[in-house]
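Let's take a friendly walk through a protein chain, from the whole fold down to one residue. Have the picture ready and turn it as you read.

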Amino acid sequence: MAVRKILRMGHPTLRQKARALTRQELASPDIKRLLLDMIDTLKDSGGIGLAAPQVDESIRLAIIDVPAGPSRYGDIPSLPLTIFANPTIEVVDATTAGYWEGCLSVPGLRGFVERPQHVRVTYQDLKGKTHTLELKGFLATVIQHEFDHLDGVLYVDRMSDIRKLVFEDEYLKHLTTQEAARDDMLV
Ligand code: ZN
């Protein structure tokens with residue numbers, strides 16, 4: 001197990017469409033090793049999500065771990081550490097809401113992004129078994145941000161107002177109470 005280097009915006013791997021994993025690959029020791037590294041890397045980074053392309057593996061694999069308990073997430077529901085292989089996403093309700101997103105691959109910055117707030121996710125586990133998950137609100141945003149990485153998309157591409165791209169320390173200094181409740185989204 002090891003903490004891997006997280007690629008930053010500008011690295012070409014972050015702009016590639018990642019390839020799907022076969023059932024054999026999902027069950028392989030290589031993928032298990034990579035996942036253990038990704039979990040270490042995520043913990044080390046203090047983030048809540050990490051996609052394989054962020055550690056220079058252009059494959060459709062991501063992890064999300066939104067901790068439980070009272071936190072800066074306010075009343076936002078937690079999501080225990082989950083591995084998503086070959087995920088697809090479907091919008092259930094296109095009504096959008098905005099969050100100040102951060103990205104481990106775009107360090108030091110935050111940007112305001114509006115996304116649909118009710119999605120259905122279909123993905124495989126390491127045994128190749130298919131699962132479905134419906135997510136709303138903050139978690140719907142987190143998962144869309146994360147899966148965008150598998151298509152070479154970064155949150156800055158989704159911004160409709162580039163004036164809402166700010167330095168993180170300035171954002172933390174000037175954010176409102178409402179924004180503070182939604183702070184700490186780093187994926
Ligand atoms: Zn990201």
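Of the 187 residues of the protein chain in this predicted model, 48% count as buried. The surface is the other side of that picture: the chain exposes about 9400 Å², and carbon and sulfur atoms supply 54% of that area.

How is the chain built up? The protein chain has five helices and six strands. Starting at the N terminus, you meet them in the order α-α-β-β-β-β-β-α-β-α-α. The radius of gyration is 16 Å, close to the 16 Å that the globule rule gives for 187 residues, so the chain is as compact as a globular protein of that length. Its C-alpha atoms fill a box of roughly 50 × 35 × 30 Å along the principal axes.

Contacts tell you about the fold too. Among contacts in the protein chain with a separation of 6 or more, 68% are between residues 24 or more positions apart. As for charge, the chain carries 23 positive and 26 negative side chains, and the centres of these two sets lie 4 Å apart.

Now zoom in on helix α3, which covers residues 137-148. Is this helix buried or exposed? It is mostly covered, with 12 of its 12 residues buried. Among them are G137, F138, L139 and A140, and the list also includes the charged-type names E146 and D148. To count as buried, a residue must have under 20% relative accessible area. The length of α3 can be checked as well: at 1.5 Å a residue, its 12 residues should span 16 Å, and its end C-alpha atoms are 17 Å apart, which agrees.

What covers the buried residues of α3? The cover includes these strands:

| Strand | Residues |
|---|---|
| β1 | 49-51 |
| β2 | 61-66 |
| β3 | 79-103 |
| β4 | 106-124 |
| β5 | 130-136 |

One of those strands, β5, is home to H131. With 24% relative accessibility, H131 counts as partly exposed, because that class lies between the 20% limit for buried and the 50% limit for exposed. Which residues does H131 touch, leaving aside its neighbours within four places in sequence? They are V121, T122, Y123 and D125. You can also look for P87: it is 44 residues away from H131 along the chain, and the C-alpha atoms of the two are separated by 9.4 Å.

How values were computed: Residues numbered from 1 in each chain as written. Predicted model: local features only at pLDDT ≥ 70, side-chain atom pairs only at ≥ 80, totals over all residues. Heavy atoms only, no water. Helix = DSSP H or I, 4+ residues; strand = E, 2+ residues; numbered from the N terminus. Rg over C-alpha atoms; globule rule 2.2 N^0.38 Å. Buried < 20%, exposed > 50% of the residue type's maximum accessible area, 1.4 Å probe, protein only. Contact = heavy atoms within 4.5 Å. Areas by Shrake-Rupley, 256 points an atom, 1.4 Å probe, with all protein chains shown as cover. Lys, Arg positive; Asp, Glu negative; His and termini not counted. Charge placed at Lys NZ, Arg CZ, Asp CG, Glu CD. Expected span 1.5 Å × (residues − 1).
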